[in-house]
Amino acid sequence: MTIVIVILVIVVLVLLVYNIKINKHIQDLNNVNQKVTSLNVLQEFMSTIGEEESVDNKIIKINNILIEKYDIKYSTIVVFDGAEYKIKATNVSEKHWETLQNLQNEDIFKDSITTATPKYVTVNNEKEKLPYQKSEFGRAKSAIFFPLYIDNIYIGYWILESGIAHAFDKLDTTILEVVKDNIISVLKSVSYQSIVESLNRKDLYSELNNVEYLYGKGRKIVDKYPTSSICMFNIINLSAINEETNRKTGNKLITEVSKYIRNSISEEYLFVRYMGPKFTIVFSGIDTESVVGFIQELKTNIESMKIQIEQVNEQTKKKNNSKKDFVSPKLNFVVTTYYKGTALEGLNKKLEEYLDEADIEESDINLI
């Protein structure tokens, strides 16, 4: 009988050791799986950054990737825009947004923000609610709050929520820290795009978008094609017209020239005021040889325009007494090829430098 008991004890011990090894192996596999998932998530993040989408759409896509890949019930990204906290992405019902975009004011998360460490909160029974909840007993029973910092500056937070109590007890937070860092990297990357988008304005006299539009929304149109022709022109006598007549006449000239070109080109082509007397036209999907003839005709027609001089006061009338009562624009063009995905900003700079270095009397169409 004793021998049987000893054998049974040995068998139990062997099974126990075997079970521990199996559990450890399963845990190792789970860790490997989480790491593989994180790598896939990172890949998709990088792919999203490179897409021709607005900043807001990119952040929404990133949040959706997190929800799908990590099987998260609720995920919300909140960012401070310099004036207020705004929800950039969430899958939570809009009726809860006011609560979610003011979590920085909740006492339970203030230490987390100060120390830049995550905060895990959960309930222990169905009658409890999370400290930050107002009237949402049935929605979330546990949550992890991650403060977000860029270069040691607090810029918002990411909060994960589950409808199950203690849902994140066994979750490997080191993996989520990596994901959080990736979210920060994405926010940092798209912040430059966000600046460009926010700088987009309509010019008063030409009624054209400024060049920031070309670098933001306009690029989506241009990059539908592998190559396009980009043309920059300079109204080379604008400064002289302003000095010899008045600025009101110069502004009128800008308005008339812009209106004529805008009505002469396809909506698929982009026409923006680059800076001062310089303007940019992008002929999407058209090669340079094909646009030269059109530009030559455009140049001829514009330079034959007669813009009535604006009389703003008696001094101006005396100033122009012996001169004509109209002015005509004089243009200098430069054209080159833009290749999809390359630096459009650098190309514009190159065209600008060419026009700046050209002879003051040069009025031509140049291919570079």
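Two strands pair if DSSP finds at least two bridges between them. Helices (H or I, at least four residues) and strands (E, at least two) are DSSP runs, numbered from the N terminus. The model used in these exercises is predicted: local features need pLDDT of at least 70, side-chain atom pairs count only at pLDDT 80 or more, and totals for chains, interfaces and linings use all residues. Residues are numbered from 1 along each chain as its sequence is written, and side-chain values use heavy atoms, with hydrogens and water left out.

**Exercise 1. The protein as a whole**

Task: Find how many helices and strands the protein has, and what share of its residues is buried.

Solution.
Step 1. The protein has twelve helices and 13 strands.
Step 2. Buried means under 20% relative accessible area, exposed over 50%, and partly exposed in between (1.4 Å probe, protein chains only). By this rule, 41% of the 368 residues are buried.
Step 3. Contact means heavy atoms within 4.5 Å. Among contacts with a separation of 6 or more, 65% come from residues 24 or more positions apart.

**Exercise 2. The sheet around E9**

Task: Work out which strands flank E9 in its sheet, and how strand E9 is covered.

Solution.
Step 1. Six strands make up an open sheet of mixed pairing, ordered E6-E8-E9-E7-E12-E13. Its edge strands are E6 (209-210) and E13 (365-367), each of which pairs on one side only.
Step 2. Strand E8 (residues 270-275) is joined to E9 by five bridges, and the two run antiparallel. Across this pairing, Arg-273 stands opposite Phe-279 in E9. The hairpin of E8 and E9 has two residues between the strands, and Gly-276 there takes a positive phi near 55 degrees.
Step 3. Strand E7 (residues 227-235) also runs antiparallel to E9, with six bridges between them. Ile-230 stands opposite Val-282 in E9.
Step 4. On one face of E9, Lys-278, Thr-280 and Val-282 are buried, and on the other so are Phe-279, Ile-281 and Phe-283. Six of the six residues of E9 (residues 278-283) are buried, so the strand is largely enclosed by the rest of the structure.
Step 5. Two helices lie across the sheet strands. Axes are lines fitted to C-alpha atoms, for helices over the stretch in contact, and angles run from 0 to 180 degrees between N-to-C directions. Helix H10 (residues 288-303) lies across E7, E9, E12 (331-339) and E13, at about 160 degrees to E12. Helix H12 (residues 344-357) lies across E7, E8, E9, E12 and E13, at about 35 degrees to E7.

**Exercise 3. Aromatic pairs**

Task: Classify the pair of Phe-145 and Tyr-157 as stacked, tilted or edge-to-face.

Solution.
Step 1. Rings of Phe, Tyr and Trp (its six-membered ring) pair if their centres lie within 6.5 Å; planes under 30 degrees apart count as stacked, over 60 as edge-to-face and the rest as tilted. The whole structure holds 15 such pairs.
Step 2. The ring centres of Phe-145 and Tyr-157 are 5.0 Å apart and the planes stand at 35 degrees, so this pair is tilted. Phe-145 sits in strand E4 (residues 142-150) and Tyr-157 in strand E5 (residues 153-162), twelve residues apart. Both Phe-145 and Tyr-157 are buried.
Step 3. Tyr-149 and Tyr-154 form another aromatic pair, also tilted, with 5.5 Å centre to centre and 55 degrees between the planes. Tyr-149 is partly exposed at 22% relative accessible area, whereas Tyr-154 is buried at 18%.
Step 4. One aromatic cluster contains Phe-80, Tyr-85, Phe-109, Tyr-132, Phe-145, Tyr-149, Tyr-154 and Tyr-157.

**Exercise 4. Two buried hydroxyl residues**

Task: Identify which backbone atom the side chain of Ser-112 reaches, and which one the side chain of Thr-249 reaches.

Solution.
Step 1. A polar contact is a pair of N or O atoms within 3.5 Å; within protein, one must be able to donate a hydrogen and the other to accept it, and residues adjacent in sequence count only if both atoms are side-chain atoms.
Step 2. Ser-112 lies in helix H4 (residues 107-115) and is buried, at 3% relative accessible area. Its side chain reaches the backbone oxygen of Thr-117 at 2.3 Å. Beyond neighbours within four places in sequence, Ser-112 contacts Thr-117, Pro-118, Lys-119, Phe-145 and Pro-147.
Step 3. Thr-249 lies in helix H9 (residues 247-264) and is buried, at 0% relative accessible area. Its side chain reaches the backbone nitrogen of Glu-310 at 2.9 Å.
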